Amino acid sequence: MLNLVLFGPPGAGKGTQSEKLIKKYNLVHLSTGDLLRSQIAAGTELGLRAKQLMDQGLLVPDEVVIGMIEYKLRENQEAAGFIFDGFPRTVNQAVALDDLLTQYNTEITTMISLVVEDEELIRRLLKRGETSGRPDDRDEETARRRVRVYNSETMPVADFYEKQGKYLAVDGIGEIESIFTAICQKIEQVSVKTQ
Ligand code: AMP
């Protein structure tokens, strides 16, 4: 199985690159942000509670996103592999993901981290907000809060994978296609090593 964590701050291009990676490697895309937004659209209790935090640029509780991932793993047991996008965002989530994958006799193959500097992220988030309709991209204060939350709560997840020898960084600035090529090169290096 090929199980990728696509890591990086909000606005780094994880969603865009995930779309391309799932096609090329035939993976199931698990984006906790997308899963939460569909709960909001469906008007569920979980969605309503999550929305209050998401609109402010804050993280939803670990148990909520871990529960959603657990459900999706169970639902997709025949998958060739997964791409985790926007998850794990805390070390607790990373530990829980390792435990869940162990139950299915598999593990994270590698984490690819898209590196983009903060001011470029703010520019991208505000630009996306012009068309995405996402409340959390709409104003600069929320965009800045999301980047701050990433730096304080999510960055330690990179160390978690680094310690496992699974951290690979890719420059997230440039053309979508060249970033995609760089990601695929990293994946193929790792796949050769683990074969
Ligand atoms: P995203 O689409 O990945 O940018 O996520 C949008 C928002 O959903 C985030 O700002 C959080 O409020 C929430 N969210 C998504 N994934 C997670 C996660 N793994 N842990 C906690 N909150 C999350």
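These exercises walk through the ligand site, the pocket and two backbone details of a predicted model.

**Exercise 1. Find the residues around the ligand, and say which come nearest.**

Solution.
Step 1. Collect each residue with a heavy atom within 4 Å of the ligand. This shell holds 16 residues.
Step 2. Pick out the nearest: Thr-32, Arg-37, Leu-58, Gly-86 and Arg-146.
Step 3. Sort the shell by class. It divides into 7 nonpolar, 4 polar and 5 charged residues.
Step 4. Ask which element gives the largest share. Helix α2, residues 32–41, supplies 4 residues of the shell.

**Exercise 2. List polar contacts of the ligand's nitrogen atoms, then state how much of the ligand the protein covers.**

Solution.
Step 1. Use the cut-off: a pair of N or O atoms within 3.5 Å.
Step 2. Start with Thr-32. An N or O atom in its side chain is 2.8 Å from a ligand nitrogen.
Step 3. Turn to Gly-86. Here a backbone N or O atom lies 2.9 Å from a nitrogen atom of the ligand.
Step 4. Add Arg-89. Its side chain has an N or O atom 3.0 Å from a ligand nitrogen.
Step 5. Now take the cover. On its own, the ligand has 480 Å² of accessible area, and the protein covers 96% of that.

**Exercise 3. Describe the largest pocket: its contents, its volume and its lining.**

Solution.
Step 1. Place the ligand. It sits in the largest pocket.
Step 2. Give the space. The pocket holds about 870 Å³.
Step 3. Count the lining. It has 47 residues, and Pro-10, Lys-14, Arg-89, Arg-134 and Arg-146 lie nearest the pocket's centre.
Step 4. Split the lining by class: 20 nonpolar, 16 polar and 11 charged.
Step 5. Trace the lining to its elements. Those that supply at least two residues each include the strands β1 (2–7) and β2 (28–31). Among the helices that do so are α1 (14–25), α6 (118–132), α7 (140–163) and α8 (176–194).

**Exercise 4. Locate a cis peptide bond and a residue with positive phi.**

Solution.
Step 1. Go to the bond from Phe-87 to Pro-88. Its omega is near 0°, and the bond is cis.
Step 2. Place Pro-88. It lies in the loop between β3 (81–85) and α5 (91–103).
Step 3. Move to Asn-26. Its phi is near 60°, a positive value in a residue other than glycine.
Step 4. Place Asn-26. It belongs to the loop between α1 and β2.

How values were computed
Residues are numbered from 1 along each chain as its sequence is written. This is a predicted model: local features need pLDDT of at least 70, side-chain atom pairs count only at pLDDT 80 or more; totals for chains, interfaces and linings use all residues. Side-chain values use heavy atoms; hydrogens and water are left out. A polar contact is a pair of N or O atoms within 3.5 Å; within protein, one must be able to donate a hydrogen and the other to accept it, and residues adjacent in sequence count only if both atoms are side-chain atoms. Accessible areas come from the Shrake-Rupley method with a 1.4 Å probe; for residues, only the protein chains shown count as cover. On a 1 Å grid over the protein atoms alone, a cavity is a set of points where a 1.4 Å probe fits but cannot get out, and a pocket is an open set with protein on both sides within 12 Å along at least five of seven lines; lining residues have an atom within 4 Å of a point. A molecule sits in a cavity or pocket if more than half of its atoms lie within 2 Å of its grid points. Ala, Val, Leu, Ile, Met, Phe, Trp, Tyr, Cys and Pro count as nonpolar, Asp, Glu, Lys and Arg as charged, and the others, Gly among them, as polar. Grid points are joined across faces, edges and corners, and a volume is the space filled by probe spheres set on the points.
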